Amino acid sequence: MQDDLDRLAAHVKSGMRVAVPVDYGGVPMALTRRLITRGDVTDLHLICVPTGGLQVDMLIGAGMVTTVETSAVSLGEAGGAPRFNDAVRSGRIRILDATCPAIHAGLLAAQKAVPFMPIRGLLGSDIQANRADWQVMDNPLSEGADPIVLIPAIHPDVAVFHAPMADRAGNVWIGRRRELAAMAYAARTTLVTVERIVETDLMADELTAAGTLPALYVTDVALAERGAWPHGLWGNYDPDSTELRRYAAAAKTAAGFAAYMAETESEIA
Amino acid sequence: MKNPPATAREILIVTIARLLHGTRHVAVGAASPIPAAGAMLARALAETAGEPRLRISILGSVKHNFFTNGSTELFDCAGQGRIDAFFLGGGQIDGAGNVNLIGVGAYPEMKVRWPGSFGSAYLYFTIPRVILFREEHTSRVMVEKVDFISAPGTSAEGVYRKGGPYALLTGRGLFMFDKDKPGFRLESLHPGQTLEQMHEATGFAFDHAEKPAETAPPDETTLALLRGRVLEELGETYPDFAAGFRTETLGVEPKEVTT
């Protein structure tokens, strides 16, 4: 049976560049599980804003990812991301290592509709040495030599995240998690799951309007209670560290990962 | 009853607080309870001494974090020169102050892959006092040359560089960084450590006095502040760590941090 999560998931197609949030920022885990269950998408290019966690590890484990652009992927206190680490070691995915502000800079360039954003730092690092797409130029406004790195604009096809609430018009309340807005500004399509849909107009009250991403940037919204689980959602619930540890232990092998995914599917359906 | 003497971990926290003396704004990354405790102790000490206020931004904390512009604000703040001190770990750290957070072996299909470089390649360039902190001090961590440079210790002439390594604090001792050399100088050995052990556990050469000093233990006032106010503050972000710490200091024998 088709439901709202399926309607959102149908926007995600093979080969797309998908922007995903940091593990404490509102990770759409229910939507992620639905994408995996549907099983009709491959060859994704994930852009972690600016790092990834369980969501990234699961999509890699499910064989849906070809490229990961990130500043880090880990399960936080539960340890390293097992499917990510294995896929990088074996060369099954292409890794584009970055540093957090470089990813923010690339999204900002897309937000401003300019081709690149200059950024300090990075020079002399092996991160920069391995990124042929990042150019170094001399600051044209400086009298002396002043090399600076240019980060090309990052244009995700889709941005996905989970937030506390939306209203009927599709306005989404993101509070102080402004990087979620940055993802939406840069992406062509933005898909949001929420804990609750309110009957009031989030834009009508100055207090909520200040922390609201207007529906202008939001393609579609679906209700998903505890939709970030086992990650937490700021102001709503803490991460389920027991479950994250259980996943970390199970997903050490491909077989253990498959067993975990089969076993927990019924719980979230 | 007399207070039990400072444990190895308390000596680390007190040393961090000393390294932060005189700073105005310290940022602490996620999952870093000892640096967070050191920053909180520095704040408490500054307040007690009537010195200018020290702000702390602890990522992952609600109460001790005042950023409202998303995860980019820490980096913007650092770029603007509004953060004086920060902490970096490192799977590998070498004698030139280079830090590797990526993995062991040849990139990209490495033998061991770690999470990634996070913000290091930016913050190392922009924050003046970066304290390299790693409890494990063995020759597999302290290497002659890192396998991958997440963030370089120094930069060529003409490269914009406002920050970099200030000190290296481990479970065995404290080093200060000399960017002109570039290299580390052993400042002090923690109680129970010898210079010979230090050489054995360190893959790079470092300067040192003929008889290096011992890292000073805290005075009674500082220790009381740490075991009282600081532990209470720490409990908000790191409840498990704070609880374990309390058990350790309540009459239990001090434990070695590294073996």
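**Two cavities in the model**

The largest cavity holds about 70 Å³ of space. The structure, a predicted model, contains two cavities of 30 Å³ or more.

So who lines the largest one? In chain A, strand S1 (17-21), helix H2 (29-38), strand S2 (44-49) and helix H3 (54-61) each chip in at least two residues of its lining. Helix H2(A) gives the largest share, with three residues. The full cast runs from Val12(A), Val18(A) and Val20(A) through Pro28(A), Leu31(A), Thr32(A) and Leu35(A), then on to Leu44(A), Leu46(A), Gln55(A) and Leu59(A), with Val160(A) rounding things off. Sorted by class, that lining comes out as 10 nonpolar residues and two polar ones, with no charged residues at all.

The second largest cavity encloses about 40 Å³. Its lining draws on both chain A and chain B. From chain A come Ile119(A), Arg120(A), Gly121(A) and Leu123(A), along with Pro147(A), Ile148(A) and Val149(A). From chain B, Phe125(B), Val159(B) and Tyr160(B) join in. Strand S7 of chain A, residues 147-152, hands over the largest share of this lining, three residues. As for the mix of classes, the lining of the second largest cavity has eight nonpolar residues, one polar and one charged.

Put side by side, the two linings read like this: no charged residues around the largest cavity, and one charged residue around the second largest.

Definitions and conventions. Residues numbered from 1 in each chain as written. Chains lettered and ligands numbered in written order. Predicted model: local features only at pLDDT ≥ 70, side-chain atom pairs only at ≥ 80, totals over all residues. Heavy atoms only, no water. 1 Å grid on protein atoms, 1.4 Å probe; cavity = no way out; pocket = protein on both sides within 12 Å on 5 of 7 lines; lining within 4 Å. Points joined across faces, edges and corners; volume = space filled by probe spheres on them. Helix = DSSP H or I, 4+ residues; strand = E, 2+ residues; numbered from the N terminus. Nonpolar A, V, L, I, M, F, W, Y, C, P; charged D, E, K, R; others polar.
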